[in-house]
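This note is meant for a colleague who comes to the structure without prior acquaintance. The points below may be read alongside the sequence and the coordinates.

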Amino acid sequence: MSNIFNTPDTTASYAAADVQNNKVMAVLSYIGILVLIPILAAKESPFARFHANQGLILFLCEIIFAVANMILSAIFAFLGPLVLLWTLVAALVNIAFLVLLILGIVNAAQGMAKELPLIGKFRILK
């Protein structure tokens, strides 16, 4: 389990001035729809773009899970005891999303470009 948090750290490949000047944009990347702010306002910052990519992937995963959760909750509502099990699973997944969100914000605030566990290796933004 400890290996899951041992993700690549590419902080050294970003200019110190870029990191310092764009920490706020990087933090905003992890706060839901606010990911659009660094995507649109900090296009020229590789550091902000790295975190915007991480935040966008996290946000999309949260949306996909929310839709799946609504559908599965409706299905399991008719199956009696399974609804309790699904509720527990959904709560654990939401806690995992919260942990990833906090981890991303902490990394951004500390000026680190470290991938999020599980989802960090995916790239949407170039």
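Helices, as the word is used here, are DSSP runs of H or I with at least four residues, numbered from the N terminus. The model is a predicted one.

1. Overall make-up. The chain holds five helices and zero strands. Read from the N terminus on, its elements follow the order α-α-α-α-α. The C-alpha trace spans about 55 × 35 × 20 Å along its principal axes.

2. Burial and surface. The chain has 126 residues, and 36% of them count as buried. Its accessible surface comes to about 7,400 Å², and carbon and sulfur atoms account for 76% of that area.

3. Contacts and charges. When contacts between residues at least 6 apart in sequence are considered, 69% of them join residues at least 24 apart. As for charge, the chain carries 7 positive and 5 negative charges, and the mean positions of the two sets are 4 Å apart.

4. The largest nonpolar core. Which residues touch the most other members of this core? They are Tyr14, Phe47, Leu58 and Ile119, in a core of 18 residues. Helices H4 and H5 each supply at least two residues of this core, and the largest share, six residues, comes from H4. A second core lies apart from it and has six residues, among them Ile39, Leu56, Phe59 and Leu125. As general background, nonpolar side chains tend to be buried together in soluble globular proteins.

5. Surroundings of Tyr14. Leaving aside residues up to four places away in sequence, Tyr14 touches Val19, Pro46, Phe47, Phe50 and Ala113. Phe47 thus appears both as a contact of Tyr14 and beside Tyr14 in the list of core residues that touch the most other members.

6. Aromatic pairs, with Tyr14 and Phe50. The structure holds five aromatic pairs. In one of them, the ring centres of Tyr14 and Phe50 are 6.1 Å apart and the planes meet at 55°; the pair is therefore tilted, since only planes under 30 degrees apart count as stacked and those over 60 as edge-to-face. Tyr14 lies in the segment before helix H1 (16-21) and Phe50 in helix H4, so the pair ties together parts that are 36 residues apart in sequence. Are these two residues buried or exposed? Both Tyr14 and Phe50 are buried.

7. Phe76 and Trp86. These residues form another tilted aromatic pair, with 5.9 Å from centre to centre and 50° between the planes. Because Phe76 lies in helix H4 and Trp86 in helix H5, the pair ties together parts that are 10 residues apart in sequence. Phe76 and Trp86 are buried. Ring pairs also link Phe76 and Trp86 with Phe65 and Phe97 into a cluster.

8. Pro117. The segment after H5 contains Pro117. With a relative accessible area of 3%, Pro117 is buried, because the limit for that class is under 20%. Not counting residues up to four places away in sequence, Pro117 touches Ile4, Phe5, Thr7, Leu100 and Leu103. From Pro117 to Ala68, which are 49 residues apart in sequence, the C-alpha distance is 21 Å.

9. Leu118. This residue also lies in the segment after helix H5 (82-109). Leu118 is not a glycine, yet its phi is positive, at about 70°. Its relative accessibility is 58%, so Leu118 counts as exposed, whereas Pro117 is buried.

10. Glu44. Where does Glu44 lie? Glu44 is in the loop between helix H3 (36-41) and helix H4 (46-76). A relative accessibility of 61% is the reason why Glu44 counts as exposed. The C-alpha atoms of Glu44 and Ala74 are separated by 44 Å, with their positions 30 residues apart along the chain.

11. Ala91. Helix H5 contains Ala91. Its relative accessible area is 35%, so Ala91 is partly exposed. Ala91 and Leu34 are 57 residues apart along the chain, and their C-alpha atoms are separated by 23 Å.

Terms used. Residues are numbered from 1 along each chain as its sequence is written. This is a predicted model: local features need pLDDT of at least 70, side-chain atom pairs count only at pLDDT 80 or more; totals for chains, interfaces and linings use all residues. Side-chain values use heavy atoms; hydrogens and water are left out. Buried means under 20% relative accessible area, exposed over 50%, partly exposed in between (1.4 Å probe, protein chains only). Contact means heavy atoms within 4.5 Å. Accessible areas come from the Shrake-Rupley method with a 1.4 Å probe; for residues, only the protein chains shown count as cover. Lys and Arg count as positive and Asp and Glu as negative; His and the chain ends are not counted. The place of a charge is taken as NZ of Lys, CZ of Arg, CG of Asp or CD of Glu. A nonpolar core is a set of buried Ala, Val, Leu, Ile, Met, Phe, Trp, Tyr and Cys residues joined through side-chain atoms within 4.5 Å. Rings of Phe, Tyr and Trp (its six-membered ring) pair if their centres lie within 6.5 Å; planes under 30 degrees apart count as stacked, over 60 as edge-to-face and the rest as tilted.
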